[in-house]
Every structure is written in structure tokens, then in C-alpha cells.
Amino acid sequence: MTTDQPSTADILDTLVARFPGLETSAYRGQTRIVVGEPASLEVLSFLAAAGFDLLVDVTCVDYLEYRGATRRYGLVYLLASTVTPRRLTVRVFVDDPEPTVRSVVGVWRSADWLEREVWDMFGIHFIGHPDLRRLMMPEQFTAHPLRKDYPLQGRGERHNFPVLTREDG
Amino acid sequence: MSIAPDHDTRVRPAATREEDYLWTLNFGPQHPATHTTLRLVLKLEGERVVDAMPEMGYLHSGFEKIGEHLTFNQYVTVTDRMNYISPMANNVAWHHAVETLLGIDLTPRCKVIRTIIAELARISDHLLCNGAVGLDTGAFTFFLYGFYQREVIYDIFETLCGARFTNSYTRVGGVSQDFTPLVIEKIRTFLRTFPKTLDDMERLLTRNRIFVDRTKGVGVLTKEEAINGGATGPVARASGVTRDLRKDEPYLAYADYDFQICCAAAGDCYARYLVRMQEMRESLKILNQAIENLPAGEVNVGVDQRVARPTKQQVYSTIEGTISHFELSMSNRSFEVPYEESYAAIEAPNGELGFYIVGDGDDTAYRARCRPPSVLHFSLFPQLIRGHTLSDVVAVLGSLNIIAAELDR
């Protein structure tokens, strides 16, 4: 492992100087920054160029029933580096009725399926995604099951799907 | 033959487009060589794969939704069913993430025990993965050698916790059962006998002409593609990425052991096979050091922390034990969970397996996101298979170790 890389603190300093108004926090040694939706792509591209070359995960949390939450969807970008062991969590908050965020597929190819999964499960629209189809649920499915207003049981279960017979199959 | 589809389609009339001569083949979702339930739509020109469209979701069971309704200890049973080839590693990953959120520091004995079971899980996973690559390329004996040793590991797990396959072994702040002398004896016997089988397996396949021809230069993943595509674990290491969480972010007891990260530069199926074979040897090194230096003492964290169930001895003879046992059984007085969120990952046999958990004061997670390594590996599949033949599909698929249950969750 080489050590001539800039430290995470240095990268964050440069980032905050370039994009004022970023909130940073830490929990259990994990640094998190909250980015406004308009600047998310620029911030993430900057971080990718600054040494976070690995996009570990893109996921989302629906804060509908969460205590003290003001915004509904919190996207989570988990970044890491393959050169030095470091991590960074980037949060982007979006709201109903049309939660949209710009896609980072152009920065990391790994975002392709991860963003499709977030679209499938939460209904967050990724602008600029080349192929935003559902990843897990069937095409004719209309809901987004990991939203908090989607029940655990009942809706979307097997009996609600059309039965394909051999004749019309 | 042209692999890039666009350049001709604009100049020729639609009826004579090159694509019209392509044959579409549905591979899966039920096919013996996919091993699990996943589907590939292959565009073939003769026997050559021009394009592939992987599709998943046939095994989607809403594990993440279930994670919002089961307590931290109950959900471990669901993690067993994610990567069912190495359930112990999933158990360790889940409770590692929970303990990171809750800020629980494990006892030294528990750390070593979890390291041992995670490494045994790695060996059994690599045995099956490499065995399946062998099986799909025509080496059935190799697969049987590997599966016999997997049975031995199943026996160890059965002696340890009663379950062979879906172990659900870990608990918040500890494990369900401590190591008994019989378990330690069985692990020692395995460590004595397994290297000989591993030598035999290497002699069977590593220089086997048929196997090398089938895997070398097939499904090449470059280092840049691996990083950009989010590959982790043996798939990334076979492409020259030197990232291994056991070394980079040492968790459990890994910092205490002497072992090496196994890497290769070629990035093809053969390199992935070699990395997995070598990783089993490194796992044996870790296991030997761990089992001979197993710390004495309690395996679960103390009663004062109120997270792990006290022993029956403590319940019946101390008031703290009684209270702790009672409170942990009550749904409204269980763990103290912060209104916070954290991510923690381990180096699972397949790559980085992490959980992003959001706590909301309750002993069930508000959100339990699993970061499965297989999803990102499967999304790399089209670029690995383009230009190769239909028979290479199974070699590439096997070497990526795609487990549909982990893919779909």
C-alpha cells in the first residue's frame, strides 16, 4: 500500500472549500458528508478523482417514519479506495413527489445495477442513467416495495399477478 | 465478425442488418450450469457470444424488507440464506455490522472463534466455487475431492452448533455456543488432513491441459474495469487489485495473524481459480495460528453490557443474570440502539459483504441494507463473455461465483 496519497482529511478540506455548505459528521469513526441534490454529481465526481476510486454501494433509506426526519429519502453512496484503506459516506436527500437525483454511472460503472436496484425498491429516478429498468421485481410491478408505506405482507404477492396459461403463453 | 453492433446498422437497410442473423438463446433461469436461478439472454453468432444480457430477481424474497421486521438476533437466520455456500461468513458479517452500530466490543475469545468460522467458511466456499468451475469444464473428480472436504467442514459446524447448512451461529455480543474440545479436535484433524487433499486437487487441475485451455485467457477483467465495476474479493484480486479488508481494515482478530493477500495479474478465469486455491492455503495458515492460540475466558460479552444472553449458571445464581435474561427476553426492553446509522463490512469469500444498518431506538433495524458482492460481479458478466464461445459461459459464470440467493436477496 502506498502512502503518498492525500489523506481523507485533506480531501475533505479541499472539498468543503470548493463546495461550501457541506455538512460533515462522524459516527463510530465513519465520516459522512451531506450533499445537496443539485451538486451531488459534481461532489461525487470530485471525490472519485481525488482518490475514492471504488464505489462500494449505492442505497437508500426511506425516513417516512423516522423520528425527527425532515426529508423523506436519503441516498447513501459508500465510497472506498483500492489504494489506501479509507472510506467515506456521502448522503443526498431527496423528497416526494418526484424524487430525482443525477446518475453517477458515468463516474463509476458499478453504479449501473446499484441505481437500478434503488429505482426498483424506492422509486428514486436517476437522471442520465443509460438503462433504468427494474432489477429484481417483475416489469409489470408498479410499486416500490422498500418504501415504508409498502406493507410487509399482502400487496404484490403471487396471487395478484396474471396467470399465464399454456394457451396464451 | 463484428462484435460492435452499431456501426453497420445505420448504413444498411433494416432487413439485412447483421443482428438479424444473430440467434437469441435463453440460458436459465432453470439450467444445471447456472447452478442457481438466474437468467442470461445470449446473442449468438454461430457459437460465439456477441452480447449477453444478465437478468436477476427470480429468487427475490425481500430479505431487506424482512430485516426491518426481525430483531438483530432473529435476522441472522435470514442471512444464512443469502450466500448459502458460506452461511457462517454471512452470520459474522451481519453481527459485525450490528455490533459496529451498537458499539459493542467483543471478548478476545469470541473474536478468534468468529475468525476461525469465517475462515472455515471461506475454505468451504472456495472448494465449491472452484469445484463447480472444474465440474462445468469437465473435471468431475476434482469437484468430488472438493465436496468431500466440504462435508468435513459441515461436520465441524454440526458439532459446533447443531446445524450443518443454515448455521445461525452468531449472536449480538457473542456466539450461540462456545467451542467444545470435540470441535477443536475436529478442526485440528481437518487442518492436518486437508493440505494433502489440496495438493491432490492442485495436481489434478492446475496443470491439466484441458482445464487450462478452457480457462486461460477466457473472461479477462482488467484492473481498471474491476475497480470501476466495483469488483471485490477474489475476482478483483485476480485482476491485480490488492484490496483485502482482512489486511486493509483489520476486523476481529486478523491483525494478529501472519498471512498474505493472494493476487494475480491476468484477470481471467484461470487467475481467479488460482487466487482461490492460494487463498485456501492462506486460510489454513490463519486457522493454524488461531486454533493454537485460542484465548481462554468468556465467549460472550459480560452481563453488565446487557446484550448477550447470560449463561444458565448466571441466570439461576446471580441477580444481574436474572434481570439481564428477563430484560433481553422482553420485546420493549432489549438493546439500547442509537438513532444512528453505520456501515460495516467483512471480507467474505466472495468479496466485500457489508451491511448498512439504520437504528431507531428499537431492537429491529429501521433499514438493513446488504451490500452483496455477487450483484456487482454479475453486472460485469456481459463484458467478460463478449467474443467468447457459448461453452465459455459456464466457465466465466462459475469463476465469478454468482450465488442467486445473495444476488436477489
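**Figure 1. Strands 7 and 8 of chain B pair in the antiparallel sense.** Five bridges join strand 7 (residues 351–358) to strand 8 of chain B in this predicted model. Strands pair here if DSSP finds at least two bridges between them. Helices (H or I, at least four residues) and strands (E, at least two) are DSSP runs, numbered from the N terminus. Gly354(B) has Arg371(B) of strand 8 as its bridge partner. Strand 8 of chain B covers residues 367–371, and five of the five are buried, so the strand is largely enclosed by the rest of the structure. Buried means 20 or more other C-beta atoms within 10 Å of a residue's own, exposed means 12 or fewer, and partly exposed lies in between; C-beta atoms are placed from the backbone. Arg367(B), Arg369(B) and Arg371(B) point one way from strand 8 of chain B. Ala368(B) and Cys370(B) point the other way.

The model is predicted: local features need pLDDT of at least 70, side-chain atom pairs count only at pLDDT 80 or more, and totals for chains, interfaces and linings use all residues. Residues are numbered from 1 along each chain as its sequence is written, while chains are lettered from A and ligands numbered from 1 in the order in which they are written.

**Figure 2. Chain B is assigned two domains, domain 1 and domain 2.** Domain 1 spans 6–55. Domain 2 takes in 63–295 + 338–371. These bounds come from an automatic or database domain assignment. The C-alpha centres of the two domains of chain B are 34 Å apart.

**Figure 3. Five strands of chain A form an open sheet.** The strand order is 1-2-5-4-3, and the pairing is mixed. Strand 1 (23–27) and strand 3 of chain A are the edge strands, each pairing on one side only. From one strand to the next, the twist averages 25°. Eight bridges link strand 3 of chain A to strand 4 of chain A, in the antiparallel sense. Within this pair, Asp57(A) stands opposite Leu78(A) of strand 4. Helix 2 (residues 40–49) of chain A lies across strand 2 (30–35), strand 4 and strand 5 (87–94) of chain A. Helix 2 runs at about 170° to strand 5 of chain A. Axes are lines fitted to C-alpha atoms, for helices over the stretch in contact, and angles run from 0 to 180 degrees between N-to-C directions.

**Figure 4. Chain A and chain B meet in a contact that takes residues from each.** Chain A gives 28 residues and chain B gives 33. Two residues are in contact if their C-beta atoms, placed from the backbone, lie within 7 Å. On the side of chain A that touches chain B, strand 3 (54–62), strand 4 (73–80) and helix 3 (111–122) of chain A each supply at least two residues. Strand 3 of chain A provides the largest share, six residues. This side of chain A divides into 17 nonpolar, five polar and six charged residues. Ala, Val, Leu, Ile, Met, Phe, Trp, Tyr, Cys and Pro count as nonpolar, Asp, Glu, Lys and Arg as charged, and the others, Gly among them, as polar.

**Figure 5. Helix 4 and helix 5 of chain B are each followed by a glycine with positive phi.** Helix 5 (residues 108–136) of chain B has 29 residues. Helix 5 reaches 42 Å from its first C-alpha to its last, close to the 42 Å expected at 1.5 Å a residue. The expected span is 1.5 Å times one less than the number of residues. In helix 5 of chain B, 28 of the 29 residues are buried, so the helix is largely enclosed by the rest of the structure. Gly138(B), just after helix 5, takes a phi of about 100°. Helix 4 (residues 87–102) of chain B has 16 residues and reaches 23 Å, close to the 22 Å expected. Helix 4 of chain B is mostly covered, with 16 of its 16 residues buried. Gly103(B), just after helix 4, has a phi of about 75°.

**Figure 6. Ser168(B) has a positive phi although it is not a glycine.** The phi of Ser168(B) is about 45°. Ser168(B) sits in the loop between helix 6 (140–161) and strand 4 (170–171) of chain B. Ser168(B) is buried, with 23 other C-beta atoms within 10 Å.

**Figure 7. A cis peptide bond joins Asp96(A) and Pro97(A).** Omega is about 0°. Pro97(A) is in the loop between strand 5 and strand 6 (100–102) of chain A.
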